[in-house]
Amino acid sequence: MFLTITTTGTPERPATDLGFLLHKHPDKAQAFSTSHGRAHVLYPEAATDRCTAALLLEVDAVALVRRGKGKGRAGAPDATLAQYVNDRPYAASSLLAVALGNVFSSAMRGVCAARPELPSRVRPLRIEVPALPARGGPALVHRLFEPLGWRVTAEPIALDGEFPEWGDSRYVRLVLESESVTLAQALRHLYVLLPVLDDAKHYWVSSDEVDKLLRAGEGWLPEHPEQKLITSRYLSRRWSLTRQALERLELVRLAEADDSEVEEIDNAVPAETETGTDAETGPGTETGPGTETGTGTETGTGTETEADEKPTPLAVQRRDAILAALQEAGAARVLDLGCGQGQLVQALLKDVRFTEIVGVDVSVRALAIASRRLRLDRMGERQAARVELRQGSLVYTDKRLKGYDAAVLSEVVEHVDLPRLPALEYAVFGAAHPRTVVVTTPNVEYNVRWESLPAGHVRHGDHRFEWTREEFRAWAGAVAERHGYGVRFEAVGLEDPEVGAPTQMAVFTAVTTTTAKEAKAA
């Protein structure tokens with residue numbers, strides 16, 4: 001199997017610069033050992049105006065069988081003949097993609113120490129693959145490459161040229177042409193998409209393949225219209241790996257949209273707690289005073305009057321208040337927006353009145369901990385059908401969130417920058433518009449009652465603000481008026497006569513058109 005890379009040039013920018021980019025001299029033919037055979041790099045032509053590099057891979061069929069643990073192309077251990085007689089030596093596949101990564105690793109990374117200005121330059125490129133398996137046909141080839149800036153020619157290859165009535169094979173002759181793609185980008189496109197089109201990897205796909213996919217897909221895969229298909233096929237349709245990759249790609253997309261780093265987006269759970277299952281951290285759970293992990297108490301004085309009677313933790317009181325509000329609203333299908341590590345989702349699952357529970361969080365780490373907390377991998381079929389964890393940002397509209405009875409924002413709004421709060425408001429109250437919305441947030445006035453909280457500090461390091469009772473009521477009232485809700489307020493935790501309760505809760509109820517008109521007239 002082989003492919004060729006051709007470029008053209010001028011005396012000022014000679015085509016033979018291709019040799020610098022590939023780190024392979026045009027005057028030499030070089031050979032490299034690979035896991036499944038021998039790769040050769042040679043230049044059929046090398047002149048100022050035109051240069052072509054060819055990668056030829058000779059496959060060792062015996063080594064392929066041995067490393068593949070005796071399995072044939074279709075994975076059937078008893079397909080003895082198919083182990084040795086197949087298309088691997090002749091058609092481009094994941095084997096060729098691995099050879100690309102091994103032989104042209106520096107070029108794929110865009111590294112050229114001798115001429116550091118070259119990798120970032122776009123140049124005319126023509127890539128030809130004479131025989132490429134295309135499960136999905138020429139149409140899929142176009143869908144995969146055209147969004148990346150390539151002009152695509154995918155000519156079906158006949159099963160037998162002497163018998164055209166037999167029709168076309170599943171192979172195509174592929175030609176890619178572009179003047180807007182760098183060589184490093186082109187190699188990364190091929191590294192990912194050749195195995196995707198082949199749709200039959202020759203080696204065991206483990207978790208490190210996710211990292212390889214994300215590295216090679218950097219800059220193009222997060223926005224590719226066929227992202228899900230590419231990810232699934234590249235990872236051999238392993239559902240757990242595919243989900244992991246898609247979640248990380250969504251984080252990249254959100255970070256790029258916000259012009260920020262991924263680490264700034266996925267910060268709901270400290271990295272050191274990722275392996276835990278009982279930590280009460282992240283948006284919606286808060287690690288400040290008065291929580292399960294805090295150092296304060298719920299008496300409002302910071303001390304316990306009865307050594308043998310510990311007060312109910314604030315996080316538990318908060319969840320109980322939320323559950324009561326949802327039960328009173330008659331909600332069955334509930335969204336936990338900013339679900340963190342899944343404590344509320346876990347509580348909702350214990351009540352059979354909640355028939356569908358969806359936890360949404362932007363943090364991959366938080367969702368991973370929530371999954372372990374809920375034991376999703378060991379959950380019975382009926383119980384698993386009631387719950388789903390999704391990655392998503394609450395400041396973007398999401399059509400998947402429409403049609404639910406209720407949504408909960410528990411200790412979430414204070415983690416959002418104030419300029420972005422209107423976007424969250426519209427996404428939840430405007431676009432999703434559930435019948436009931438429950439919002440809880442700290443009461444900053446109560447902070448003076450925490451002996452362990454320095455004056456002027458918020459309860460959690462990630463809180464962008466904390467509202468007084470008056471500020472929270474003003475915000476909630478304006479939201480309700482803008483989006484057609486009525487709103488009532490409740491105190492959560494022991495209420496202090498001077499500063500109120502530690503947590504404040506608003507319960508929004510959608511107002512029907514008739515009721516809204518009557519209320520306005522009154």
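The following paragraphs lead from the overall fold of a predicted model to a few of its charged side-chain pairs.

The chain has 522 residues, and 49% of them count as buried. Along the chain there are 18 helices and 14 strands. Contacts between residues at least 6 apart in sequence show how the chain is folded back on itself: 70% of them join residues at least 24 apart. The area that the chain exposes comes to about 24500 Å², and carbon and sulfur atoms supply 51% of that area.

Attention now turns to charged side chains. Side chains of opposite charge can pair when their charged atoms come close. In this structure, 26 salt bridges are present. Three of these pairs are described below.

Consider the pair R173 and E128, whose side chains meet in a salt bridge with a distance of 3.0 Å from N to O. R173 belongs to strand 7 (residues 168-178) and E128 to strand 5 (residues 125-133), so this salt bridge ties together parts that are 45 residues apart in sequence. With a relative accessible area of 25%, R173 is partly exposed; a residue would have to be under 20% to count as buried.

A second salt bridge is formed by R390 and E388, with the closest N and O atoms 3.1 Å apart. Is R390 buried or exposed? R390 is buried, because its relative accessible area is 10% and the cut-off for buried residues is under 20%. Its partner E388, in contrast, is partly exposed, with a relative accessible area of 36%.

The third salt bridge joins R464 and D417, and here the closest N and O atoms are 2.8 Å apart. Which parts of the chain does this pair link? R464 lies in the loop between strand 12 (436-442) and helix 17 (469-483), whereas D417 lies in the loop between strand 11 (406-410) and helix 16 (421-432). The two residues are 47 residues apart, and the pair thus links distant parts of the chain. R464 is partly exposed at a relative accessible area of 39%, and D417 is likewise partly exposed at 35% relative accessibility.

Salt bridges may also share partners. In this way R126, E128, E155, R173 and E177 are joined into one network. The network includes R173 and E128, the pair that was described above as meeting at 3.0 Å.

Technical notes
Residues numbered from 1 in each chain as written. Predicted model: local features only at pLDDT ≥ 70, side-chain atom pairs only at ≥ 80, totals over all residues. Heavy atoms only, no water. Salt bridge = Lys/Arg side-chain N within 4 Å of Asp/Glu carboxyl O. Helix = DSSP H or I, 4+ residues; strand = E, 2+ residues; numbered from the N terminus. Buried < 20%, exposed > 50% of the residue type's maximum accessible area, 1.4 Å probe, protein only. Contact = heavy atoms within 4.5 Å. Areas by Shrake-Rupley, 256 points an atom, 1.4 Å probe, with all protein chains shown as cover.
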